[in-house]
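These are my notebook entries on a structure that I looked up. I record burial, ring pairs and helix packing in turn.

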Amino acid sequence: MNMTKKEKVGLDLIYGHAGKRLVYETYKRTNPEMAQKYLEFVANNQAIQYIKWDDSKKKFKA
């Protein structure tokens, strides 16, 4: 999987935070598409602390 520079930063943020790491690892096992969306959201919103899933829009939100 080729990652953008921004996604690599997002991955570093995820693995630097126990809660985000747990969420990401769970998504990777159960729903890889959600894991990718989570990574992209974190990469694009690096200062956001609390992340929720918007089921109607099928995307993450702060």
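I began with burial and found that Tyr38 is buried, as is Phe60; buried means under 20% relative accessible area, exposed over 50%, and partly exposed in between, with a 1.4 Å probe and protein chains only. The model is predicted, so I note that local features need pLDDT of at least 70, that side-chain atom pairs count only at pLDDT 80 or more, and that totals for chains, interfaces and linings use all residues. Residues are numbered from 1 along each chain as its sequence is written, and side-chain values use heavy atoms, with hydrogens and water left out.

**Entry: aromatic pairs**

I searched the whole structure for aromatic pairs and obtained six. Rings of Phe, Tyr and Trp (its six-membered ring) pair if their centres lie within 6.5 Å; planes under 30 degrees apart count as stacked, over 60 as edge-to-face and the rest as tilted. For Tyr38 and Phe60 the ring centres are 5.3 Å apart and the planes lie at 70°, so I entered this pair as edge-to-face. Tyr38 belongs to helix α3 and Phe60 to strand β2 (residues 59-61), so the pair ties together parts that are 22 residues apart in sequence. Helices (H or I, at least four residues) and strands (E, at least two) are DSSP runs, numbered from the N terminus.

I then looked at Phe41 and Phe60, an aromatic pair that is tilted, with 6.3 Å centre to centre and 45° between the planes. This pair also links distant parts of the chain, since Phe41 is in helix α3 and Phe60 in strand β2, 19 residues apart. I found both Phe41 and Phe60 buried. Ring pairs join Tyr27, Tyr38, Phe41, Trp53 and Phe60 into a cluster.

**Entry: α2 against α3**

I noted that helix α2 (residues 18-30) and helix α3 (residues 32-44) pack at an angle of about 145°, with axes 6 Å apart. Axes are lines fitted to C-alpha atoms, for helices over the stretch in contact, and angles run from 0 to 180 degrees between N-to-C directions. On the α2 side I listed Lys20, Val23, Tyr24, Tyr27, Lys28 and Thr30, which meet Pro32, Met34, Ala35, Tyr38 and Leu39 in α3; contact means heavy atoms within 4.5 Å.

**Entry: α1 against α3**

The axes of helix α1 (residues 5-15) and α3 come within 8 Å and cross at roughly 95°. I therefore recorded α1 and α3 as roughly perpendicular to each other (angles under 35 degrees count as roughly parallel, over 145 as roughly antiparallel, 65 to 115 as roughly perpendicular and the rest as oblique).

Which residues of α1 are buried? I found Glu7, Gly10, Leu11 and Ile14. They cover an arc of only 100° around the axis, which puts them on the same side of α1; the arc is that of the directions from the helix axis to the C-beta atoms. Lys5 and Asp12, on the other side of α1, are exposed. Among what covers the buried residues of α1 are α2 and α3.

**Entry: two loops**

I placed Gln49 in the loop between α3 and β1 (52-54). Gln49 is exposed, with a relative accessible area of 61%. Its C-alpha atom is separated by 9.4 Å from that of Lys20, 29 residues apart along the chain.

I placed Lys58 in the loop between β1 and β2. Lys58 has a positive phi of about 55° although it is not a glycine. At 45% relative accessibility, I entered Lys58 as partly exposed.
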